[in-house]
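Here's a quick briefing to read with the structure open beside you. Keep the viewer handy and look up each residue as you go.

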Amino acid sequence: MDKIIYSEHGFLFICGRKKLQTCLAHRFLCGCYCIFIIIPLIIQFSSQCFICFFETLILIWIQRWKQRRRRWWWRRRGMVKRRIFLSVDVGGTKTLMMLNRERKILAKKLYKTGKTEFLKNLKKNIRQFLEANEMNEKKIYAAGFALPGPFIIKNKLISIKSPNIENYRVIHIESALKRIFRNLNILNDAVCGAISEHEVGALKNANNAIYVTWSTGIGGGLIMDGKVRFGKEGNCGHIGHTIISDKKRKCGCGLYGDMEAMSSGKSIEKMFDNKISAEKIFLKRSKGNKKAKKIIDTAVEYFSKGVFNGITLLDLEIICIGGSVFLKNEKVLLPKIIKFFKKHKNPQSDSIKIVKASLGEESSLFGAFYHTFKKNA
Ligand SMILES: [Zn+2]
């Protein structure tokens, strides 16, 4: 038979035949001891500041609580199965938009980015796109944006400073878009490319790979040990601004001789006469124009050099190339890149695979969607 005994603290506890159970007061005191003495001591020895640790925990908790409240609200209105997602991919010359109801695509449209008044144009295009599909910003459950980098994070808000958007002016994009969309997800466009290609495209099942976009500018996204990497400000894999030449050709970012200055679509245009588009220069090359041929050959050489340095540094197994310049001229460019890799063999480049982006020019758009969708799963 169990005996009921009162402890010295006045709390009730039960004394069994063999085992004595701890009274409530002891449990309470042990709990306090763990929470207020042992855990802070462990944190103190394992990290720099335990106040920061608790602050992070509280912030994560608040974020999760907000998400739960939002989901509860949508469920209450019976709208969980009808969540609408907006995805936007902003490039140097064009902006792609897509609307999804869960995974189903409702609409897609292409707009011009515009060389001036970037934010004003972007907001106008979004409004037009939503109105054309009988939507408004309040009906959007979450919005994902793929934007050209580099990103700058100040006061936990993302700003962009891109050579291809308003000539390298700092644009406080997150604070502007947060006024329109409450549930916002902003990512680097090339990182988005890596996400979608890793999810459903050419990099599916790849553990160590790079996605490189060769377009108006040059960007990159990395997959290391099976995971897409973001870096401290979301710029991980931004290969376009790595210096590969000592030539005095200036990039919009201010550097001389970086990959973007030596081989991007914009650089090809500058090298020719800065009057016609890269697309027309490729057309001239196919018609036998010697100047166009020389410029394109030089650009491929520099592009290959930059990517080669990347795979040697990071020990990668596969290179996936996207972007309008590459995708429209794959037959001309891919054999030249492969030739460069065969010429400069080393143990890391020997077994490297070079493939084109299977989602084409929509890689970044789908990447923005997949990441936003998963974040809100
Ligand atoms: Zn640059």
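The notes below cover the metal site first and the salt bridges after that. Bear in mind that this is a predicted model.

**The zinc site**
- Four residues hold the zinc ion: His-241 through ND1, Cys-251 and Cys-253 through SG, and Asp-258 through OD, at 1.9 to 2.3 Å.
- The site is tetrahedral, with angles of 104 to 120 degrees among the 4 donor atoms.
- Read along the chain, the donors fit the spacing H-x9-C-x1-C-x4-D.
- His-241 and Asp-258 are 17 residues apart, and each sits in the loop between β12 (227-228) and α6 (259-263).
- Both His-241 and Asp-258 are buried.

**Salt bridges**
- The count comes to 12 salt bridges.
- Lys-94 pairs up with Glu-361, their closest N and O atoms being 3.0 Å apart.
- Lys-94 is in strand β4 and Glu-361 is in the loop between β14 and α12, so this pair ties together parts 267 residues apart in sequence.
- Lys-94 is partly exposed at 27% relative accessibility, and Glu-361 is partly exposed at 31%.
- Next door in the chain numbering, Glu-362 bridges to Lys-108, with 3.1 Å between the closest N and O atoms.
- Glu-362 belongs to the loop between β14 and α12 and Lys-108 to strand β5, so parts 254 residues apart in sequence get tied together.
- Lys-356 and Glu-330 form another salt bridge, at 3.4 Å between the closest N and O atoms.
- Lys-356 lies in strand β14 and Glu-330 in helix α11, so the linked parts are 26 residues apart in sequence.
- Lys-293, Asp-297 and Lys-336 are joined into one network by salt bridges that share partners.

How values were computed
Residues are numbered from 1 along each chain as its sequence is written. This is a predicted model: local features need pLDDT of at least 70, side-chain atom pairs count only at pLDDT 80 or more; totals for chains, interfaces and linings use all residues. Side-chain values use heavy atoms; hydrogens and water are left out. Donors are N, O and S atoms within 2.8 Å of the metal (3.2 Å for Na, K and Ca); water is not among the atoms, so sites may look incomplete. Four donors count as tetrahedral if all angles lie between 85 and 135 degrees; four count as square planar and six as octahedral if opposite donors are over 155 degrees apart and all others between 65 and 115; anything else is irregular. Helices (H or I, at least four residues) and strands (E, at least two) are DSSP runs, numbered from the N terminus. Buried means under 20% relative accessible area, exposed over 50%, partly exposed in between (1.4 Å probe, protein chains only). A salt bridge is a side-chain nitrogen of Lys or Arg within 4 Å of a carboxyl oxygen of Asp or Glu.
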